[in-house]
Amino acid sequence: MPAKHALFAAVVMTVWEVAGLFANPILWPPLHDVVLAFGSILFDGSLVAALGQSLVLLVLGLAAAFVSGLVVGVLVGRSRMVERSVLPFLGALYAMPIIALVPLLLVWFGFGLTGRVIVVWLIAFFPMLVNVYAGVRDTPEDLIEVAHSFNLRGELSLLRNVVLPSAVPLIMAGVRLSIGRAIVGMAVAEVYLRLGGIGALISTYGSVFRTDYVLACILPLPLLGIILTKLAGRVEHRFQYWRPQAT
């Protein structure tokens, strides 16, 4: 399988390079120009500094999305009254294009770190909420009955021993989806404000039509998403030790 991946990557890079040699470099620069641009911003320190600022924003927004999505998802999934009262409003907000709210959010919460964290949080919040809600709501009734037969009562005990463990696959699916959305939110907030981070670099080079540098700045974002998703997969495996392994 790694050999197939390497062959596919080699084909993609070859097609990119050949197409770039015959295309307008503003529209499609050849791969070697992007690699040179990546080396330039890496060794002059601008990429590392920007990536550090972006990671602070990403971690804060993502942590807020995880915690709030978990808490609200459990409340909505376990309480029919809360579900009927809150779910229609959450559904309406989820259907709203969050990008259109960015200018308003920045006016309300400021153009500094707080406003940008709110943007990342809001974009990453709903995938986490929807998956936690679905996982908690669909807890198998037979598991609840077995827990009751062992005299396991009380909402907190059920949550800790039955509901949350059974919802782990959906919760972790929400974590993985939130990671991707948070990276998009981070780039959107930074491109919009141009105050720092990867988004500011993208915006700066885009304004002078240096497409090779723009692509070089974008490259770390999918790599960051892959790394964080892999880490989430390891955490998921850690919390699913009790599940039977496939043979």
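Me: How many helices and strands does the chain have?
Reply: In this predicted model, the chain has twelve helices and zero strands. Read along the sequence, the pattern is α-α-α-α-α-α-α-α-α-α-α-α. The C-alpha trace spans about 70 × 50 × 30 Å along its principal axes.

Me: Why are helix 2 and helix 3 called roughly perpendicular?
Reply: Helix 2 (residues 31–43) packs on helix 3 at an angle of about 75 degrees, and their axes are 4 Å apart. Angles of 65 to 115 degrees count as roughly perpendicular, and the two helices are therefore described in that way.

Me: Which residues make that contact of helix 2 and helix 3?
Reply: Helix 2 contributes Phe 38, Ile 41 and Leu 42, while helix 3 contributes Ser 46, Leu 47 and Val 48. By class, the contact has five nonpolar residues, one polar residue and no charged residues.

Me: Why is helix 3 called oblique to helix 12?
Reply: The axes of helix 3 (residues 46–78) and helix 12 (residues 220–239) come within 12 Å and cross at roughly 45 degrees. An angle under 35 degrees would count as roughly parallel, and one of 65 to 115 as roughly perpendicular. The crossing angle of roughly 45 degrees belongs to neither class, so helix 3 is oblique to helix 12. The crossing of these helices is right-handed.

Me: What makes up the contact of helix 3 with helix 12, by class?
Reply: In helix 3, Leu 47, Leu 51, Leu 55 and Leu 58 meet Pro 220, Leu 224 and Leu 228 of helix 12. Leu and Pro both count as nonpolar, and the contact accordingly has seven nonpolar, no polar and no charged residues.

Me: How do you know that helix 5 is roughly antiparallel to helix 6?
Reply: The axes of helix 5 (residues 98–109) and helix 6 (residues 113–137) come within 9 Å and cross at roughly 150 degrees. Angles over 145 degrees count as roughly antiparallel, so helix 5 receives that description relative to helix 6. Helix 5 passes helix 6 in a right-handed crossing.

Me: Which residues of helix 5 meet helix 6?
Reply: Ile 98, Ile 99, Leu 101, Val 102, Leu 105, Leu 106 and Phe 109 do so; their partners in helix 6 include Thr 114, Gly 115 and Arg 116. The residues of this contact divide into eleven nonpolar, two polar and one charged.

Me: What span is expected for helix 4, and where does a kink lie in this helix?
Reply: Helix 4 (residues 80–95) has 16 residues, with 22 Å expected at 1.5 Å a residue. Its reach from first C-alpha to last is 22 Å, close to that expectation. A kink of about 40 degrees lies at Val 86, shortly before the proline Pro 88.

Conventions:
Residues numbered from 1 in each chain as written. Predicted model: local features only at pLDDT ≥ 70, side-chain atom pairs only at ≥ 80, totals over all residues. Heavy atoms only, no water. Expected span 1.5 Å × (residues − 1). Bend = angle between axes of the 7 residues up to and from the residue. Axes fitted to C-alpha atoms, helices over the stretch in contact; angles between N-to-C directions. Left-handed = near helix turned anticlockwise from the far one by under 90°. Contact = heavy atoms within 4.5 Å.
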